[in-house]
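Reader: Hi! Could you walk me through this structure in plain words?
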Amino acid sequence: MDMFKPPALELMRAKRENFAQIEEYCRSPKAFLKYMDSAGIDRAVLINYVAPEVIGFTTGVNQFVAEYVKEDPKRLIPCGSLHPRHTTNILADVEQLLRLQIGMIKIHPPHQLLFPNDYLNGVTELEIIYRAAEANGIPVMFHTGTSIFPGARNKYGDPVYVDDVAVDFPKLKILLAHGGRPLWMDTAFFLVRRHPNVYLDISGIPPKALLQYFPRLEEIAHKTAFGTDWPGPGVPDIKKNLQDFRALPLKREVQEQILSGTALQIWPS
Ligand SMILES: [Zn+2]
């Protein structure tokens, strides 16, 4: 919370009556675990990433989330990040991520202002991050799709640039956050079908619109994971999200696979 740039924080607060509660959850993992209980959620991946220019987050987020999950490492999975332009010693920073037992790395192209495949254009730090993740079985999640945060640049949100990463790092588990919504769902669907190592994350997509975005979702259910993107803008509540998802006309096995199965493949309990 302290790291947010004022315009970004304002967007987080906008249209949210219970922002004080979210601040409390950021301070207290105990309070957040209670909220998870009340929403019927067993485990959560806590998304953090380094994006000093647009959001204000520094590499300090990694230490923060590693500390936070100590309250219950079985239920809380720490997601951290690095930024190729904001590291003085990439190897040391990667080592630190491993030491902190980060469970996922998030790359946020529209907020980090880079393309996922920039390692092909001389950004070797990115290649080092992917290699380390691949070698250590740490999945990498890419934000795909648009962002409305002030200063975000949306050309970077096209999932097609993840195609190179999937080809060049075939053992790296890759999650496409938000399925490219609302502009690039076809690309996201194609990548999940084309690459054995690419998964779909449905967070940030209103569940009621999910089947309009992905009419053939059942075909990729075995590689699709539920998520909410809460407390991001436009995601008021986890429980409501879960209820709306459960109300979709999907087979029970398909629902279970998306709600639990895929995540358990990626992070066995
Ligand atoms: Zn995102």
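Reader: Are K106 and H178 buried or exposed?
Author: Both K106 and H178 are buried, where buried means under 20% relative accessible area and exposed over 50%, with partly exposed in between (1.4 Å probe, protein chains only). Keep in mind that this is a predicted model: local features need pLDDT of at least 70, side-chain atom pairs count only at pLDDT 80 or more, and totals for chains, interfaces and linings use all residues. Residues are numbered from 1 along each chain as its sequence is written, and side-chain values use heavy atoms, leaving out hydrogens and water.
Reader: Cool, so which atoms coordinate the zinc ion?
Author: NZ of K106, ND1 of H143 and NE2 of H178 do, at 2.2 to 2.8 Å. Donors here are N, O and S atoms within 2.8 Å of the metal (3.2 Å for Na, K and Ca); water is not among the atoms, so sites may look incomplete.
Reader: And where do K106 and H178 lie?
Author: K106 is in strand 3 (residues 104–107) and H178 in the loop between strand 5 (174–177) and helix 9 (185–194), so the pair ties together parts 72 residues apart in sequence. Helices (H or I, at least four residues) and strands (E, at least two) are DSSP runs, numbered from the N terminus.
Reader: New topic: what does N48 touch?
Author: Leaving aside residues up to four places away in sequence, N48 touches V61, F64, V65, C79, G80, S81 and K106; contact means heavy atoms within 4.5 Å.
Reader: Why does N48 count as buried?
Author: Because its relative accessibility is 12%. N48 sits in the loop between strand 1 (44–46) and helix 4 (60–68).
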